[in-house]
Amino acid sequence: MRDIQVANSTESNTQPLSRTPLYDLCTELKARMVEFSGWEMPVQYTSIRTEHEAVRTKAGMFDISHMGKFIAQGQDLIEKIQYLIPSDLSSLEPGKAQYTVLLNPQGGIIDDLIFYRQSNDPLTNEPRGFMIVNAATKANDKAWILSHLENSGVKFQDISEEKVLLAVQGPEAEQYLQQFIKENLASIGFFGHSDITVLEQPGFIARTGYTGEDGFEIMVDPAVGMELWRSLLNAGVTPCGLGARDTLRLEAAMALYGQDIDTETTPLEAGLSWLVHLEKKGEFIGRPVLEAQKSEGVLKRLVGLEMLDRGIARHGYPVLSNGEVVGEVTSGTKSPTLGKAIALAYVPKNLAKIGQKLEVEIRGKNYAAIVVKRPFYKSQKLKVKS
């Protein structure tokens, strides 16, 4: 999930760019700011490599306050959300979260999101939960969800502008954060979440992230978020921008909405079959398409590519087999951790097997590549926490 590709941002010449509450703190650190999805966001503070390595080896922090934050509550909440996604939430316990996707009737992905199941309201006993969605698709997601909640009795609230969201990621994220949080973070498992006390103020934390490392995402009021940012900075946590966020998520083969997944791709084509629970749940939007693909097979698949030559595959570059264009790179970079050029690309099903030799056209010349297993990188600490 989690929209970060600066090159894919939408230019806006008529509307002023939005700024998060942490904007001034970012510019104080001389961050290079760029337009992204209508927001002015830091792409880097020092260098992408330095920030990337900080997350892989120690801890880095990201301002992700631009992302959409929705709260929902009602007796039919789970039933209504179930209808919008292919994943089964019926057994999701309070304090746990589910990464999933919103689908259109064609089985295409409207957006990817995380749904956090909270404990029932203590007064009404109504189920509660909230969702974190991508900034670029927030308005469309909100309209889509509301259109399916009409007359349901489910209460929906958009708190996107009211809260700061920080991501603290890396093998040492827990010990850095613990200094400023009252509750024991070790008790929160992977994709677990909890209400917490941050710098003596109420907040929310989840052991989730978009880097392939252990880490947390913290949601608090703006004043608390600014104080937490300063505290973490003084403690030695490295501030990181969109550039490092992109190289980190690509090493972990995490999909970027708008490039690797979109309304024209289904979760089965995108290698997200683990989100599709056809046997566990009833009707949902796009189910007939996914049932057909499950039965008949998909025509294309998202694969991981490793460049065998020195070229670096980038978004939009053609993928070839025997001199014929068969697909296109959706994301690509030089992996700082692995020291190799890696990419994601859609290719026909028959060319998607591990070990398949392909080529990528880079500035008019073809460079050798091979299909490899995803993810490209796995965190040893994250495996333990999982």
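Helices (H or I, at least four residues) and strands (E, at least two) are DSSP runs, numbered from the N terminus. We're working with a predicted model, where local features need pLDDT of at least 70, side-chain atom pairs count only at pLDDT 80 or more, and totals for chains, interfaces and linings use all residues. Residues are numbered from 1 along each chain as its sequence is written, and side-chain values use heavy atoms, with hydrogens and water left out.

**Exercise 1. Helix H7 and what follows**

Task: Work out how many residues of H7 are buried, and find the positive phi just after this helix.

Solution:
- Step 1. Get the cut-offs straight: buried means under 20% relative accessible area, exposed over 50%, and partly exposed in between (1.4 Å probe, protein chains only).
- Step 2. Go through H7 (242-251). The buried residues include Leu242, Arg245, Asp246, Arg249 and Glu251.
- Step 3. Count up: 10 of the 10 residues of H7 are buried, so the helix is largely enclosed by the rest of the structure.
- Step 4. Step just past H7, and you meet Ala253 with a positive phi of about 55°.
- Step 5. Look back at Arg245, whose charged end sits over the ring of Phe62, 5.5 Å from the ring centre. For that label, NZ of Lys or CZ of Arg must be within 6 Å of the ring centre and within 35 degrees of the ring normal. Lys300 does this too, with its charged end 4.9 Å from the centre of the Tyr346 ring.

**Exercise 2. The nonpolar cores**

Task: Find which residues touch the most other members of the largest nonpolar core, and which strand gives the most to it.

Solution:
- Step 1. A nonpolar core is a set of buried Ala, Val, Leu, Ile, Met, Phe, Trp, Tyr and Cys residues joined through side-chain atoms within 4.5 Å.
- Step 2. The largest one has 44 residues, and Phe62, Tyr99, Ile109, Tyr116, Ile261, Leu272 and Phe376 touch the most other members.
- Step 3. Several elements supply at least two residues each, among them strand S5 (96-103), strand S6 (109-118) and helix H7. S5 gives the most, with 4 residues.
- Step 4. Apart from this core lies another, of 30 residues, including Cys26, Ile196, Ile205 and Leu228.

**Exercise 3. Stacking rings**

Task: Describe how the rings of Tyr116 and Phe130 pair up.

Solution:
- Step 1. Rings of Phe, Tyr and Trp (its six-membered ring) pair if their centres lie within 6.5 Å; planes under 30 degrees apart count as stacked, over 60 as edge-to-face and the rest as tilted. By this rule there are 7 aromatic pairs.
- Step 2. Tyr116 and Phe130 are 4.7 Å apart centre to centre with 15° between the planes, a stacked pair.
- Step 3. Tyr116 lies in strand S6 and Phe130 in strand S7, so the pair ties together parts that are 14 residues apart in sequence.
- Step 4. Both residues are buried, and ring pairs link them with Phe204 into a cluster.

**Exercise 4. Two buried polar side chains**

Task: Find the side-chain partners of Asp63 and Ser87.

Solution:
- Step 1. A polar contact is a pair of N or O atoms within 3.5 Å; within protein, one must be able to donate a hydrogen and the other to accept it, and residues adjacent in sequence count only if both atoms are side-chain atoms.
- Step 2. Asp63 lies in strand S3 (residues 60-63) and counts as buried because its relative accessibility is 5%. Its side chain makes polar contacts with the side chains of Thr20 (2.5 Å) and Ser65 (2.6 Å).
- Step 3. Ser87 sits in the loop between helix H3 (77-82) and S5. At 0% relative accessibility, Ser87 counts as buried, and a polar contact of 2.7 Å joins its side chain to that of Thr100.
- Step 4. For wider contacts (heavy atoms within 4.5 Å), not counting residues up to four places away in sequence, the neighbours of Ser87 include Tyr99, Leu275 and His277.

**Exercise 5. Backbone oddities in loops**

Task: Is Asn322 buried or exposed, and which peptide bond is cis?

Solution:
- Step 1. Asn322 is in the loop between strand S15 (318-321) and strand S16 (324-334). Its phi is positive, about 55°, although Asn322 is not a glycine.
- Step 2. At 82% relative accessibility, Asn322 counts as exposed.
- Step 3. The cis bond runs from Arg374 to Pro375, with omega near -5°. Pro375 is in the loop between S19 and helix H9 (380-385).
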